[in-house]
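Visitor: I would like a close look at a single part of this protein, the surroundings of the ligand, and at how that part fits into the arrangement of the chain. Please take it slowly and keep it connected.

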Amino acid sequence: MAKPLRIGMIGYGFMGRAHSNGYKRVSDFFDLDYTPVLQAVAARDTAKAQVFADRWGYKRVESDWRKLVAADDIDAIDICTPNNLHAEIAIEAAKHGKAILCEKPLAMDVAEGERMLAAIEKAGVPNMVWYNYRRIPAVTFAKQIIDSGKLGRIFHYRAEFLQDWTIAADLPQGGAALWRLDAKAAGSGVTGDLLAHCIDTALWLNGAVTNVTAMTETFVKERTHQLTGKIEPVEIDDACSFLCHFKNGSLGLFESTRYARGHKALYTFEINGENMSLKWDLHDLHRLQVFDYADAGNMRGWKSIHVTDGDHPYMDKWWVPGLAIGYEHSFVHQVADFLVAFAKKQPAHPTFRDALQTQRVCDAVLASAKSHQWVDVG
Ligand SMILES: NC(=O)c1ccc[n+]([C@@H]2O[C@H](COP(=O)([O-])OP(=O)(O)OC[C@H]3O[C@@H](n4cnc5c(N)ncnc54)[C@H](O)[C@@H]3O)[C@@H](O)[C@H]2O)c1
C-alpha cells in the first residue's frame, strides 16, 4: 500500500489545475511507493479557493499561505503563484521542513534564487522545479538519443517560443491573469516566462551555456495597471532573441515573443549533430523529427517518429501504440518522477540547483540586452 504524501497547494490558477490533475491521476497509471493526497489549498480569496478545493477534492482551504507551510498535516508545498512569491514561500516552507515543488522560473533573479537554494539545501528538503517539457515523451526520447552519442559532434541548437496574446495595446497589465505583464510580479517578460523553458530544455539536452549576446524589445511602452487604474510604464521584455556558445562547442540561437501573430504557444527546438539532427514542436508534441545521415543515400530524409510505442519514455504506462497523450501528461510524469526520487531519497530533477543555472542564463541574457555586450554565464 502506497504511503500518503500530503500536498499543500498555493495558488489555484492555470498551474494549480495542471498540477492537481497530475497529483490526482498519477497513482492510477504508475506503481509508486507514495501517493499524493490533496490535503489543502491556500489562496487569498477563500471563497474562490473553496470552489477550487471542492472541484479538485482538496480536504481544506487556508486563507494565508504562511499557515499552510507551517501546518502539521502537510508534507509537500507546491508553489503555483506568480514569480514574485516563489522565494518567500520556498524559504519559509524550507524552515518548516516541507518538500517543495516550485513553479518556474525559480526566482525573480539569480540573487533571489541563490537565497532560495541556500535555504532549501540548509534544510535538506526534497525539491523540484516544474520545467515540465522535459517530461513530454518525445522530448525525453530526444534526450535518450542525444545521450547515446548517435548525433556525434553537436554544431547547432536552436529554439523558439512564439505567442501572440499581448499585441493589443489596450490590454492592461498587472493583477489577476495579467501579472505576466507587470515586471514587479513577473521579474521579466518572455525571458523568464518562455525562454526559461527553452533554456532548461537546452541545458538538459546540450549542456552548459558559457556566454550570450541578446536583444530585447518592449513594443507597447505603457499600459493601464489593473490594480492602480493608472497608466504605467511597461517594464517587461515583450520579445527577446539571443545567441550563445555552449560548453560543448556548439552555437545556440533562441527567440521568444508574444508578438508573433498567428502563434499561440509554438515552442520548437532543433539540434544538429554531424551524424543526425532532431526537431520537436509543441503543437505536434507526440512526434520527434529525425534525420539520420547513416541511412542509405537514396533513402535519406526527415522521418517523423510517432512517440507512442511501449518502448518510448513513459508510454508503457498509458494506452496502446499509436494512441497519443498530451500536455497534461507531462505534469503526471513529473509527479511520478518526483515521487520515485522522494521514495529513494534522491534528487528530483530539475532541482532548485538545476533551475538556478537556467536563472543564470536568463539574467545574463537580460544583462546583455541592456549592455549590448557579450555576457559570461556564471
Ligand atoms: N510549467 C509551465 O509550463 C508553466 C505554465 C504556466 C505558468 N507557470 C508558472 O506557474 C506560476 C503560476 O502561473 P499561472 O499561470 O498558474 O498563474 P495564474 O495567474 O493562473 O495563477 C496564479 C495563482 O496565484 C494566486 N496568488 C497570487 N498571489 C497570491 C498570494 N499572495 N497568496 C496565495 N495565492 C496567490 C492567484 O490567486 C492564482 O490562483 C508562475 O510562476 C508561472 O511562471 C508555469
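**Around the ligand and between the domains**

Guide: The model is a predicted one, and in it the protein is divided into domain 1, residues 3-132, and domain 2, residues 134-376. The centres of domain 1 and domain 2, taken over C-alpha atoms, are separated by 23 Å, and the contact takes 38 residues from domain 1 and 36 residues from domain 2.

On the side of domain 1 that touches domain 2, at least two residues each are supplied by α1, β2 (34-42), β5 (99-102), α5 (110-123) and β6 (127-129), and the largest share of that side, eight residues, comes from α1. Sorted by class, this side of domain 1 has 25 nonpolar, eight polar and five charged residues.

With that contact in view, we can turn to the ligand itself. Because domain 1 and domain 2 both give residues to the shell around the ligand, the ligand lies between them. The shell is made up of 23 residues, of which the closest are Gly11, Gly13, Phe14, Met15 and Glu103. Helix α1, which spans residues 14-29, provides the largest share of the shell, three residues; α1 is thus a helix to follow in both settings, since the largest share of the side of domain 1 that touches domain 2 also comes from α1. By class, the shell around the ligand has 13 nonpolar, six polar and four charged residues.

Notes:
Residues are numbered from 1 along each chain as its sequence is written. This is a predicted model: local features need pLDDT of at least 70, side-chain atom pairs count only at pLDDT 80 or more; totals for chains, interfaces and linings use all residues. A residue is near a molecule or strand if its C-beta atom, placed from the backbone, lies within 6 Å of it. Helices (H or I, at least four residues) and strands (E, at least two) are DSSP runs, numbered from the N terminus. Ala, Val, Leu, Ile, Met, Phe, Trp, Tyr, Cys and Pro count as nonpolar, Asp, Glu, Lys and Arg as charged, and the others, Gly among them, as polar. Domain bounds come from an automatic or database domain assignment. Two residues are in contact if their C-beta atoms, placed from the backbone, lie within 7 Å.
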